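Please walk through the model below, from the chain as a whole to an acidic side chain and then to a group of aromatic rings.

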Amino acid sequence: MSDATLHSTATDPGDFAVQIADQVESFLVAVTEVARGDDPDSAVPFLLLEVSQLLLAGGRLGAHEDIVPDERYEPDLGPELDVDELRERLAAMLDPVDVYSEVFDPYQPRRAPVPARISDDLAGVITDLRHGMAHYRAGRVTEALWWWQFSYLSNWGAMASGALRALQSVVAHVRLNQPLEALDGLDTDEHLEEEALAEAAGEVMFQEIAGPLGLRRVK
């Protein structure tokens with residue numbers, strides 16, 4: 001798809017650029033709403049849905065041919081919007097299931113899992129997506145697509161995938177009534193004993209997810 005084609009069809013609802021921008025905008029709005037904390041009981045399943053939908057857009061960007069921006073140098077967008085408050089709100093809402101174990105590159109041999117946070121991942125994804133959205137809203141459609149594609153492959157794709165696995169695991173533990181095993185060696189702000197952490201996380205998952213979804217514990 002040429003640059004000219006992207007610009008000339010930007011108002012067509014069926015255009016690739018418009019579809020990607022719509023999915024990005026939907027994610028930005030949805031996660032910002034979740035972070036407000038108005039409905040914490042549905043936060044995990046709702047985030048699972050939103051991250052899953054975003055990764056569809058990411059997959060389309062990854063499968064697309066290389067997008068080349070119009071300009072050799074990226075135009076200055078000014079200061080980035082701060083995401084610290086959003087990150088902190090998400091961390092408080094997801095505690096104690098915010099911390100999970102992640103392997104960043106499954107193709108690097110003998111790499112030990114490291115601690116990661118869903119809240120950090122989502123904040124990082126938001127930062128990358130907002131950057132591209134600033135280009136899109138300024139009319140630099142190709143620049144936006146280039147940035148979303150590049151940052152999907154280099155950054156936000158891995159963060160969103162990690163968050164998705166963690167969120168899916170939380171929901172699976174609740175549905176299958178499987179206690180969350182102690183996260184040995186992971187850094188948590190609560191400094192709970194391993195057994196207490198597992199028990200507390202399992203109870204929070206049941207109360208915040210199973211109840212609102214009408215799920216019952218498996219006996």
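Among contacts in the protein chain with a separation of 6 or more, 75% join residues 24 or more positions apart; a contact here means heavy atoms within 4.5 Å. The model is predicted: local features need pLDDT of at least 70, side-chain atom pairs count only at pLDDT 80 or more, and totals for chains, interfaces and linings use all residues. Residues are numbered from 1 along each chain as its sequence is written, and side-chain values use heavy atoms, with hydrogens and water left out.

The protein chain has seven helices and two strands, taken as DSSP runs numbered from the N terminus (helices: H or I, at least four residues; strands: E, at least two). Starting at the N terminus, the order of elements is α-α-α-α-β-β-α-α-α. The protein chain has 219 residues, of which 41% count as buried; buried means under 20% relative accessible area, exposed over 50%, and partly exposed in between, with a 1.4 Å probe and protein chains only. Its accessible surface is about 12200 Å², and carbon and sulfur atoms hold 52% of that. These areas come from the Shrake-Rupley method with a 1.4 Å probe; for residues, only the protein chains shown count as cover.

The acidic side chain is D15, in the loop between α1 (3–8) and α2 (16–35). D15 is buried but has no salt bridge, that is, no side-chain nitrogen of Lys or Arg within 4 Å of a carboxyl oxygen of Asp or Glu. The nearest side chain of opposite charge is R60, 8.4 Å away; Lys and Arg count as positive and Asp and Glu as negative, while His and the chain ends are not counted. A polar atom of the D15 side chain does lie 3.2 Å from the backbone nitrogen of A17.

The structure also holds five aromatic pairs. The ring centres of W146 and W147 are 6.1 Å apart and the planes are at 55°, so this pair is tilted. Rings of Phe, Tyr and Trp (its six-membered ring) pair if their centres lie within 6.5 Å; planes under 30 degrees apart count as stacked, over 60 as edge-to-face and the rest as tilted. W146 also pairs with F150, and this pair is stacked, with 5.6 Å centre to centre and 5° between the planes. Both W146 and F150 lie in helix α6 (residues 141–175), four residues apart, about one turn of the helix. Ring pairs thus link W146, W147 and F150 into a cluster.

Accessibility varies within this group. W147 counts as buried because its relative accessibility is 14%. W146, at 22%, counts as partly exposed, and F150 is partly exposed with a relative accessible area of 42%.

Note on methods:
A polar contact is a pair of N or O atoms within 3.5 Å; within protein, one must be able to donate a hydrogen and the other to accept it, and residues adjacent in sequence count only if both atoms are side-chain atoms.
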